[in-house]
Amino acid sequence: MYVENVPEVAKHAYDCRLLVQEYGKPISLGDTVENIRIVFLSPDEVIPRLKVGTRFTLWEGKTIACGEVTSIELY
């Protein structure tokens with residue numbers, strides 16, 4: 001994941017996992033998905049810098065999705 005407009009983290013990609021199984025249904029190419037949880041490999045580095053409204057890009061060799069943070073919950 002690349003985070004946009006947050007200078008402290010914008011130049012670095014962060015490994016993350018979308019919890020698709022918790023979402024409850026398959027996600028197909030072109031789908032719009034709301035309220036899917038994301039878990040970070042280095043949460044202490046990225047989560048404190050995220051805010052509701054922060055835009056991000058998911059990258060896997062190329063851009064595969066873009067999104068916006070709608071809530072932050074710590075587990």
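## Exercises on a predicted model

The largest pocket holds about 1400 Å³ of space. Please keep in mind throughout that this is a predicted model.

### Exercise 1: The pocket

Work out which elements and which classes of residue line the largest pocket.

**Solution.**

- Step 1. Begin at the middle: of the 42 lining residues, Leu18, Ile36, Arg37, Ile38 and Phe56 lie nearest the centre of the largest pocket.
- Step 2. Now find the elements that give two or more residues to this lining: they are strand 2 (16-18), strand 3 (38-40), strand 4 (55-59) and strand 5 (63-68).
- Step 3. Strand 5 supplies the largest share of the lining, with 5 residues.
- Step 4. Sort the lining by class, and you find 27 nonpolar, 7 polar and 8 charged residues.

### Exercise 2: The overall fold

Give the order of the elements from the N terminus on, then decide how the radius of gyration fits the expectation for a compact globule.

**Solution.**

- Step 1. Count the elements: the protein has 2 helices and 5 strands.
- Step 2. Read from the N terminus, the order is β-β-α-β-α-β-β.
- Step 3. For 75 residues, a compact globule would have a radius of gyration near 11 Å, and the 12 Å of the protein agrees with that.
- Step 4. Along the principal axes, the C-alpha atoms fill a box of roughly 35 × 30 × 20 Å.
- Step 5. Next, look at burial: 21% of the 75 residues in the protein are buried.
- Step 6. Finally, take the contacts with a separation of 6 or more: 39% of them join residues 24 or more positions apart.

### Exercise 3: The nonpolar core

List the members of the largest nonpolar core, then follow Leu58, Leu50 and Val9 to the residues they touch.

**Solution.**

- Step 1. The largest nonpolar core has 11 residues in all: Met1, Val3, Val6, Val9, Tyr14, Phe40, Val46, Leu50, Phe56, Leu58 and Val69.
- Step 2. Take Leu58, which sits in strand 4. Its relative accessible area is 9%, so Leu58 is buried, given that buried means under 20%.
- Step 3. Leaving out residues up to four places away in sequence, Leu58 touches Met1, Cys16, Leu18, Thr63, Ile64 and Ala65. Met1 is 57 residues from Leu58 along the chain, yet their C-alpha atoms are separated by 4.5 Å.
- Step 4. Turn to Leu50, placed in the loop between helix 2 (43-46) and strand 4. Leu50 counts as buried because its relative accessibility is 11%.
- Step 5. With the same sequence neighbours left out, Leu50 touches Val3, Phe40 and Ile72. From Leu50 to Ser71 there are 21 residues in sequence and 9.5 Å in space, C-alpha to C-alpha.
- Step 6. Val9 touches Val3, Tyr14, Glu45 and Arg49, again not counting residues up to four places away in sequence. Val3 is thus listed among the contacts of Val9 and also among those of Leu50.

### Exercise 4: Loop residues

Decide whether Asn5, Asn35 and Lys62 are buried or exposed, and look at the phi angles of Asn5 and Asn35.

**Solution.**

- Step 1. Recall the background for the angles: most residues other than glycine have a negative phi.
- Step 2. Asn5 has a positive phi of about 60° although it is not a glycine. Asn5 belongs to the loop between strand 1 (2-3) and strand 2.
- Step 3. Asn5 has 73% relative accessibility, so Asn5 counts as exposed; the cut-off for exposed is over 50%.
- Step 4. Asn35 likewise has a positive phi, near 60°. Asn35 is located in the loop between helix 1 (20-23) and strand 3.
- Step 5. At 64% relative accessibility, Asn35 counts as exposed.
- Step 6. Lys62 lies in the loop between strand 4 and strand 5. Its relative accessibility of 54% is why Lys62 counts as exposed.
- Step 7. As a last check in space, Lys62 and Gly30 are 15 Å apart, C-alpha to C-alpha, with their positions 32 residues apart in sequence counted as the separation.

How values were computed:
Residues are numbered from 1 along each chain as its sequence is written. This is a predicted model: local features need pLDDT of at least 70, side-chain atom pairs count only at pLDDT 80 or more; totals for chains, interfaces and linings use all residues. Side-chain values use heavy atoms; hydrogens and water are left out. On a 1 Å grid over the protein atoms alone, a cavity is a set of points where a 1.4 Å probe fits but cannot get out, and a pocket is an open set with protein on both sides within 12 Å along at least five of seven lines; lining residues have an atom within 4 Å of a point. Grid points are joined across faces, edges and corners, and a volume is the space filled by probe spheres set on the points. Helices (H or I, at least four residues) and strands (E, at least two) are DSSP runs, numbered from the N terminus. Ala, Val, Leu, Ile, Met, Phe, Trp, Tyr, Cys and Pro count as nonpolar, Asp, Glu, Lys and Arg as charged, and the others, Gly among them, as polar. A nonpolar core is a set of buried Ala, Val, Leu, Ile, Met, Phe, Trp, Tyr and Cys residues joined through side-chain atoms within 4.5 Å. Buried means under 20% relative accessible area, exposed over 50%, partly exposed in between (1.4 Å probe, protein chains only). Contact means heavy atoms within 4.5 Å. The radius of gyration is taken over C-alpha atoms; the globule rule is 2.2 Å times the number of residues to the power 0.38.
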